[in-house]
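Open your viewer and get the selection tool ready. We will walk through a few charged and aromatic side chains, one stop at a time.

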Amino acid sequence: MIAALALTLLAGTPADDRFLDSEVIDAVRVPGALVADASAAPWARLPATRVLLAPQRTIRLNDRDANEALDVAPAPRALDVRAAWNDRDLAIVLEWRDQTEDRAPTTDTDVFGDAAAIELPLAFGQGQRLPYIGMGDADAPVMLYLQRAIASGSLGRELVAAGFGSSTRSSLGGARMAMRYDVAAHTWRAVLVRPLAASGHDVRAGLVPVAFALWDGARKERGNLRMKH
């Protein structure tokens with residue numbers, strides 16, 4: 001199943017499942033435009049919900065160093081999540097500490113960039129089964145918004161997946177993404193701005209299940225080797 005984490009854009013949305021109460025991210029309604037700028041000061045003023053990500057250990061790679069790093073399981077990684085919306089768009093802001101700024105170069109194939117992803121089910125609501133947290137499954141696919149640090153800045157991609165190794169690029173309605181590393185604070189910030197309703201997917205309908213993933217390039221994390229919630 002997807003993580004027990006949900007996003008709500010409507011104040012007072014009833015949560016029948018009490019276990020969700022501590023993991024609901026309340027998106028703040030704002031009057032102005034939502035800009036995909038990771039350095040914008042207003043993001044820091046939004047209330048943050050902290051979630052902990054655990055290592056995904058179900059997949060091993062054909063890479064001895066990466067597998068050795070996987071065997072030494074890291075402590076849960078803290079992620080601060082903020083959200084805002086206006087009449088048109090939803091913004092989700094992720095912040096996490098990382099002692100090293102790792103960027104994927106254009107030439108080397110054994111150096112990996114830090115990255116973050118947001119996962120939403122393609123279908124959700126009453127009577128809908130939640131997807132498997134690791135890239136969804138055949139009966140419950142997910143949409144993914146992935147950002148990776150590269151030498152020239154950051155690369156954002158929209159994807160659809162229905163299980164491990166199934167992610168394919170897809171147009172999900174024109175999402176805008178940005179990613180920035182704060183050298184002084186050793187912190188990454190990744191921003192996603194997407195339409196409230198895009199490609200038949202409307203996030204205004206109550207609680208929206210959501211999951212997150214982080215990759216640490218210094219630990220050779222990539223693909224299905226990652227931290228998830």
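Start by selecting Arg103, a partly exposed residue with a relative accessible area of 26%. Keep in mind that you are looking at a predicted model. Now add Glu101: the two form a salt bridge, with the closest N and O atoms 2.8 Å apart. Glu101 also counts as partly exposed, at 37% relative accessibility.

Next, show Arg82, Glu95 and Arg189 together, since salt bridges that share partners join these three into one network. Zoom in on Arg82 and Glu95, whose closest N and O atoms are 3.4 Å apart in their salt bridge. Arg82 belongs to strand 5 and Glu95 to strand 6, so this pair ties together parts that are 13 residues apart in sequence. Both ends are buried: Arg82 has a relative accessible area of 11%, and Glu95 has one of 14%.

Stay with strand 5 and pick Asp80, which forms a salt bridge with Arg50 at 2.8 Å between the closest N and O atoms. Because Arg50 lies in strand 4 (residues 49-55) and Asp80 in strand 5 (residues 77-85), the pair ties together parts that are 30 residues apart in sequence. Colour the two by accessibility: Arg50 is exposed, at 58%, whereas Asp80 counts as buried, at 16%. A search of the whole structure finds eight salt bridges.

Time for the rings. The whole structure holds two aromatic pairs. Select Trp96 and Trp188, a stacked pair with 6.4 Å from centre to centre and 25° between the planes. The pair links distant parts of the chain, as Trp96 is in strand 6 (residues 89-97) and Trp188 in strand 12, 92 residues apart. Both tryptophans are buried. Add Tyr181 to the selection, and you have the cluster that ring pairs make of Trp96, Tyr181 and Trp188.

Two other tryptophans have an arginine for company. At Trp85, the charged end of Arg29 sits over the ring, 4.7 Å from its centre. At Trp215, look for Arg148 over the face, at 5.6 Å from the ring centre.

Finish at Arg194, in strand 12 (residues 187-195). Which side chain of opposite charge is nearest to this arginine? It is Asp202, 6.5 Å away, and Arg194 is buried yet has no salt bridge. Turn instead to the backbone oxygen of His201, which lies 3.0 Å from a polar atom of the Arg194 side chain. To see the surroundings, display residues that Arg194 touches, including Asp89, Leu120, Met143, Tyr145 and Val203.

Terms used: Residues numbered from 1 in each chain as written. Predicted model: local features only at pLDDT ≥ 70, side-chain atom pairs only at ≥ 80, totals over all residues. Heavy atoms only, no water. Helix = DSSP H or I, 4+ residues; strand = E, 2+ residues; numbered from the N terminus. Buried < 20%, exposed > 50% of the residue type's maximum accessible area, 1.4 Å probe, protein only. Lys, Arg positive; Asp, Glu negative; His and termini not counted. Salt bridge = Lys/Arg side-chain N within 4 Å of Asp/Glu carboxyl O. Polar contact = N/O pair within 3.5 Å; in protein donor to acceptor, adjacent residues only side chain to side chain. Contact = heavy atoms within 4.5 Å. Phe/Tyr/Trp six-rings, centres within 6.5 Å; stacked < 30°, edge-to-face > 60°. Lys NZ or Arg CZ within 6 Å of the ring centre and 35° of its normal. Lists of a residue's contacts leave out its neighbours within four places in sequence.
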